[in-house]
Amino acid sequence: MEAIPYLALGSALAALLLAGYFFNNVKAASPGDERMVFLMTEIQKGARAFLKAEYTWVSAFVAVMIVLLAFVISGWASLAYLLGAVLSATAGYAGMTVATMANARTTEAAKEGPGKALPIAFRGGAVMGFAVAGLALSGLMISYLLFVRFLEVGQPFEVLTAYGLGASTIALFSRVGGGIYTKAADVGADLVGKVEAGIPEDDPRNPATIADNVGDNVGDVAGMGADLFESYAGSIIAPISLVAFALAVASDDGLSAAGVGDDTLLALIGFPIAVAFVGMVASIIGSLFVKGGDSTDSKALSHALHLGTNVAMGLTVIATVGIAFWLFSGNEFDSPIGLAISVIGGLVVGWALGKTAEYYTSDHFSPVQKIAQQTETGPATTILGGISAGMVSVAASVVLILAGVGIAYWGGELAFDSIGALEGGIYGIAVAAIGMLATTGVVVSVDAYGPIADNAGGIAEMAELDPSVREVTDALDSLGNTTAAIAKGFAVGSAALTALALFKSFEFAVEGAGGALSLDIGSIDVFVGLFLGAMLPFLFAALTIDAVGRAAQEMIEEVRRQFREIPGLREGKEGVVPDSARCVEISTQASLKEMIIPGALAVVVPLVVGYVSINALGGLLAGALVTGFALAIFMANAGGAWDNAKKYIEAGAHGGKGSDQHKAAVVGDTVGDPFKDTSGPSMNILLKVMTIVSLVFATFFVNNGLS
């Protein structure tokens, strides 16, 4: 059992080697003609400039947190926090780098059909997927071995939790900043280009097109990668910290607890790490099954792309049963299969959440087709249809997450009733979250494939290639919207379970510090906190949507100005080119300025409320978890539905491109852009950041707070 962290570290290093292999594979492919290389280079320069500026801004916040952690907990906590932040940023940068290489190469391969293009786009995404999973797991295992096993530092599991906080910080700002960037450019390009000027998407005459393609990488690749880095690391940390705080693991020896045998403790702590290990190996194997075919039919492409995920999930299920019997036979455990059921339940519910998202966002199903039909009566009914579809999807998702909680709780109780203060059911819920994200490597690979396919279509249009090339890239891109919705289902589902486990750890940490946490809503502190928590996700969503609106407004004015002041640009006169650099600069500056307040909100509010009242903080976390989960599902699925309704019409339904119905669909898609790519995805990070901040600072609140 003591070898489990080393096995996990080995699998993480194998994932990084696979990422390197895929990187070289993509790099070896042809990027196309001179025009395609120029466009690829412009997108690369814009993306790198943005990430450099973003990380410079965020580093100031990281520096403040390092000092605060050193003062409140220890210098070791600061080191763990820094490691989590640096690795998360590195994963995002690595993924963005290869994504901006793979776009033109996918376009070039699309000349020969989807059989050549899909593998390149997937392998480009796989660099991101396995960089995220490999760096997250290797960093976490190094932290665990260093702080818990070798150095046996004081408060080792608070130190380990700080690693997750570092990852969360980067994830929050990357998702918010990248989301504002990409949607400001997207909205500006669509409204002025498609609706006002009547020119196609990604038309080279549109000054915002390059900024839009840059945004796909900084938002949907780097931002998404940091998001799932944090989700994956958090899902492993949550059950480990739960065990540590529930059993009051002694600070002078990271692997001992009063009244609990070493083998039992090693099994409880080692199980989530072992699941991450087998999930990583399964993801590596699954990724090798993804191959392209000759058809542009979306079902055929979907089957080819999802085969890797399905293989990885199947292997993980089988291996998890074996691990459960290895670790939980005998000792203080009743039924080894119980915790396997919890993990498998989490995996299945994560998959089901993704499929639910697919149903509400794919143009193969009635919700999106209904929205497309509603464009016949204008933008207002289109907006109403998307809102309705998003809200209905919340009901299905809540039922699924509750089913997952019930199955996980039941499985945990089968395994053991209680060990010390640790309840089997709660532990089962905690390990269900790692079940959802065990195959993160291949899930992120499939998700990151989407922006690469989107960029490939943009390059095909801007390079004025044969329409058959755009037909292939559009087929790949349409599938990418669905894969993104599926990944968001996994992410937000795991956020709910991880936040619940971290919340329970917070309760134990408060008790361990000599305090007491009450969630009695008859208490005025709890009641106030509950309403503050319920309000916070709405405020956060409003701030991020407003940020997109303000940045998009500036972008729209700039695109209009260029069409007005540059002679021959709108008409496509030969030799007349737009000032794309100005649009890139607008998106960069606006997103960096606008991300500060929403990002800081997630950290500052729990710190202030926790200092005033522990019970109010408990209410705050409970209220935010419930409304934040529902709001995240609603926004992600409504936005995805509007986007694919537009693409459904662009494929020829309800009048096709350029029709009034198409213009109504573009308006719906414009509203949905910040929903699905800025506010919605940021919500699950908000939930975990607030919970993990509360956990890390719990002892400080008890010993130094006002209550």
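Q: What counts as a pocket here, and which residues lie nearest the centre of the second largest pocket?
A: On a 1 Å grid over the protein atoms alone, a pocket is an open set of points where a 1.4 Å probe fits, with protein on both sides within 12 Å along at least five of seven lines, and lining residues have an atom within 4 Å of a point. This is a predicted model, so local features need pLDDT of at least 70 and side-chain atom pairs count only at pLDDT 80 or more, while totals for chains, interfaces and linings use all residues. Residues are numbered from 1 along each chain as its sequence is written, and side-chain values use heavy atoms, leaving out hydrogens and water. The second largest pocket has 25 lining residues, and nearest its centre lie R35, P204, V577, P578 and S580.

Q: Which helix supplies the largest share of the lining of the second largest pocket?
A: Helices here are DSSP runs (H or I, at least four residues), numbered from the N terminus. Helix 2 (34-72), helix 6 and helix 16 (580-594) each give at least two lining residues. The largest share, six residues, belongs to helix 2.

Q: Which helix gives the most to the largest nonpolar core?
A: A nonpolar core is a set of buried Ala, Val, Leu, Ile, Met, Phe, Trp, Tyr and Cys residues joined through side-chain atoms within 4.5 Å; buried means under 20% relative accessible area with a 1.4 Å probe, protein chains only. The largest such core has 234 residues, and those with the most contacts inside it include Y232 and F271. With 21 residues, the top contributor is helix 6 (residues 209-246).

Q: Why is helix 18 described as largely enclosed by the rest of the structure?
A: Helix 18 spans residues 614-650 and reaches 53 Å from its first C-alpha to its last, close to the 54 Å expected at 1.5 Å a residue (1.5 Å times one less than its number of residues). Just after this helix, G652 takes a positive phi of about 125°. Helix 18 is largely enclosed because its buried residues number 32 of the 37.

Q: Is S143 buried or exposed?
A: S143 sits in helix 4. Leaving aside residues up to four places away in sequence, S143 touches L83, V148, L160 and Y163, where contact means heavy atoms within 4.5 Å. Its relative accessibility is 1%, so S143 counts as buried.

Q: What separates the C-alpha atoms of P119 and T320?
A: P119 is found in helix 4 (residues 114-150) and is buried, with a relative accessible area of 10%. T320 is one of the residues that F271 touches. P119 and T320 are 201 residues apart along the chain, and their C-alpha atoms are separated by 29 Å.

Definitions and conventions
Buried < 20%, exposed > 50% of the residue type's maximum accessible area, 1.4 Å probe, protein only.
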